[in-house]
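Biologist: I have a model open and would like to go through it with you. Shall we take it piece by piece?

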Amino acid sequence: MLTVSEIIEATQGTLVKGNPNSIVPKISIDSRRINKKDAFIAIVGKQFDGHRFINDAIKNGAETVILHKMPNIYELISNIILVNDTKEALLKIAGYYRQKFRVKVIAITGSNGKTTTKEMIAYILAQKFKVLKAPESFNNDIGVPLTLFQIRPETEVVVLEMEMNEFGGIRKLTKAAMPQIGVITNIGDTHLEFLKDRHGVALEKQELLEALNGHGSAVLNRDDPMVVKIAEPFEFYKKLYFGINHKNIDLWAEKIVNLSEEGSKCLINGQYLLHLKIPGIYNIYNALSAISVGLLFELKITDITEMLYYFKSPNMRMEKVTLLNGVTVFNDAYNANPQSMQAALLTFANFSTNGRKIAILGDMCELGEQSISLHRKVGTQFPAGIDILITVGKYAYYIAEEIKKNNKSLELYSYFDINDVCNNVVDIVKNNDKILIKGSRAMKMETILECLKEKYGWKAD
């Protein structure tokens, strides 16, 4: 809850009309979810302009409007606040609101594993603390402030993701969130369309460490040389390294056993058993980072590892769905980049099955000039043990094209539109097959799973 005068103070905006002492119970960017007396902030995005929905917000009960251009609404609304940029204002208001609370804020960034790591950390800490976690992947300059607005007096810990595709983007997020703990999972080929190369990705992630310099704690992947390098210039209150390829660091895993789709086991620091029931060896890294954060909160490793045994994958992250014809689908459709695509394929290739293994892969987006070459690289490194590949999109096609050069036995289908996949996939799939679905968020690959569910029906695991 804020007042109009506090919003003006936070944004350095101008009160065009209204009462500075008016109470604002909630700030919303969605005109459809406005409650009486709320404030509507007219965000301008790539595909929409919130100023077009101001009248709808007023009809739904908004009494305050925050905008950066003036439509003809003077007589319709109680309070009008004019700012230079509504998206920047959203972050500034969220930062002002966050300062009202004595909370521990944990920020997680990295090219892969952010959401699973966030969910693991929140799951662990919720056993002892009142935890607020970012919904889904609310990790950008809209999602982070909307999460901060959910802080309540009883909140003790806030767990955030941070991901931007521009230099200075994470710096803006940390200015609002003021994290005391930062986690960097890894650095890979993401947002290359905007960040150019992996060095650019590293510089973007480094902005989280800048915010912690001199006072905060950092949890870092020791196996990623770029993570180690970007941490070198900074001093932290505490610095914890985790990894698999290095021993005698703060937290390491050894004696790893791959249990295929049933998960994995390993030994932490030579003495603590960790058993994850979610598939993918890469999740051991996510668990190590989450355990590291737990240690910063003075939890015991034995208690944390016991909790992680019951942890379940977030939606669309190797999410297991069983169809009624015996087909098992692993829905990894939330996002994709070259490293996560390769990890998912290797994991899937090792699954056992009484039928066939079918990989359905969509475009990996925002790879810029390297789009074709990085898709071809997935084809070059395509693992044995998969029987059928179905690609969808103009770039995923190059995965199949590269495979054609080297693998005569793999059955290949390529489509440019996801609707064509939906129309044909049911004729390809047979009873007892296992299917991996993966692609970038923009591809909406989960649509294929919905088509399969509609055709065969499904049951909850």
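Biologist: Which residue takes a positive phi just after helix 10?

Modeller: Keep in mind that this model is predicted. Helix 10 covers residues 283-296. Just after helix 10, with a phi of about 65°, comes Glu-298.

Biologist: What span does helix 10 reach from its first C-alpha to its last?

Modeller: Helix 10 has 14 residues. At 1.5 Å a residue, 20 Å is expected. The span in the model is close to that, at 20 Å.

Biologist: Is helix 10 mostly covered or mostly open, and how many of its residues are buried?

Modeller: Helix 10 is mostly covered. Its buried residues include Ile-284, Leu-288, Ile-291 and Leu-296. Polar names are on the list too, among them Asn-283, Asn-286, Ser-289 and Ser-292. Of the 14 residues, the number buried is 12.

Biologist: Turn to the open sheet of seven strands. In what order do the strands run?

Modeller: The pairing in this sheet is mixed. Its edge strands are strand 21 (411-415) and strand 23 (458-459), each pairing on one side only. The order is 21-20-19-22-18-17-23.

Biologist: Which strand pairs with strand 19 in the parallel sense on the strand 22 side, and over how many bridges?

Modeller: Strands of a sheet pair through backbone hydrogen bonds, either parallel or antiparallel. Here strand 19 (residues 357-362) meets strand 22 (residues 434-438) in the parallel sense. Ile-358 stands opposite Ile-435 in strand 22. The bridges between strand 19 and strand 22 number five.

Biologist: What is the bridge partner of Leu-361 in strand 20?

Modeller: Strand 19 is joined to strand 20 (residues 388-392) by five bridges, and the two run parallel. Leu-361 also stands opposite Lys-438 in strand 22. In strand 20, its partner is Thr-391.

Biologist: How many of the residues of strand 19 are buried?

Modeller: Both faces of strand 19 are covered. Lys-357, Ala-359 and Leu-361 are buried on one side. Ile-358, Ile-360 and Gly-362 are buried on the other. The count for strand 19 is six of six.

Biologist: On to the rings. Are the planes of Phe-348 and Phe-351 stacked or edge-to-face?

Modeller: The structure holds 10 aromatic pairs. In this one the ring centres are 5.9 Å apart, and the planes meet at 80°. Both Phe-348 and Phe-351 are buried. An angle over 60 degrees sets the class, so the pair Phe-348 and Phe-351 is edge-to-face.

Biologist: Which residues do ring pairs link into a cluster with Phe-149?

Modeller: Phe-149 sits in the loop between helix 5 (143-148) and strand 10 (157-161). Its relative accessibility is 13%, so Phe-149 counts as buried. Ring pairs link Phe-149 to Tyr-97 and Phe-101.

Biologist: How far apart in space are Phe-149 and Ala-94?

Modeller: In sequence the two are 55 residues apart. From C-alpha to C-alpha, Phe-149 and Ala-94 are separated by 6.2 Å.

Biologist: Now the charges. Asp-30 forms a salt bridge with which residue?

Modeller: The count of salt bridges comes to 24. Asp-30 is buried, with a relative accessible area of 17%. Its partner is exposed, at 69% relative accessibility. With closest N and O atoms 3.0 Å apart, that partner is Arg-32.

Biologist: Does Lys-118, the salt-bridge partner of Glu-119, count as buried or exposed?

Modeller: The closest N and O atoms of Glu-119 and Lys-118 are 3.3 Å apart. Glu-119 has a relative accessible area of 15%, which makes it buried. Lys-118 has 0% relative accessibility, so it counts as buried.

Biologist: Which residues do shared salt-bridge partners join into one network?

Modeller: Start with Glu-204 and Lys-205, whose side chains meet at 3.0 Å, N to O. Both Glu-204 and Lys-205 are buried. The network is Lys-114, Glu-163, Glu-204 and Lys-205.

Biologist: Last, the surface. Which residues form a nonpolar patch with Met-70?

Modeller: Met-70 lies in the loop between strand 6 (64-67) and strand 7 (79-82). At 40% relative accessibility, Met-70 counts as partly exposed. The patch has about 250 Å² of accessible area together. Besides Met-70, its members are Val-16 and Tyr-74.

Notes:
Residues are numbered from 1 along each chain as its sequence is written. This is a predicted model: local features need pLDDT of at least 70, side-chain atom pairs count only at pLDDT 80 or more; totals for chains, interfaces and linings use all residues. Side-chain values use heavy atoms; hydrogens and water are left out. Patches are made of residues with over 30% relative accessible area and no salt bridge: like charges are joined within 9 Å, nonpolar side chains (Val, Leu, Ile, Met, Phe, Trp, Tyr) within 5 Å. Accessible areas come from the Shrake-Rupley method with a 1.4 Å probe; for residues, only the protein chains shown count as cover. A salt bridge is a side-chain nitrogen of Lys or Arg within 4 Å of a carboxyl oxygen of Asp or Glu. Helices (H or I, at least four residues) and strands (E, at least two) are DSSP runs, numbered from the N terminus. Buried means under 20% relative accessible area, exposed over 50%, partly exposed in between (1.4 Å probe, protein chains only). The expected span of a helix is 1.5 Å times one less than its number of residues. Two strands pair if DSSP finds at least two bridges between them. Rings of Phe, Tyr and Trp (its six-membered ring) pair if their centres lie within 6.5 Å; planes under 30 degrees apart count as stacked, over 60 as edge-to-face and the rest as tilted.
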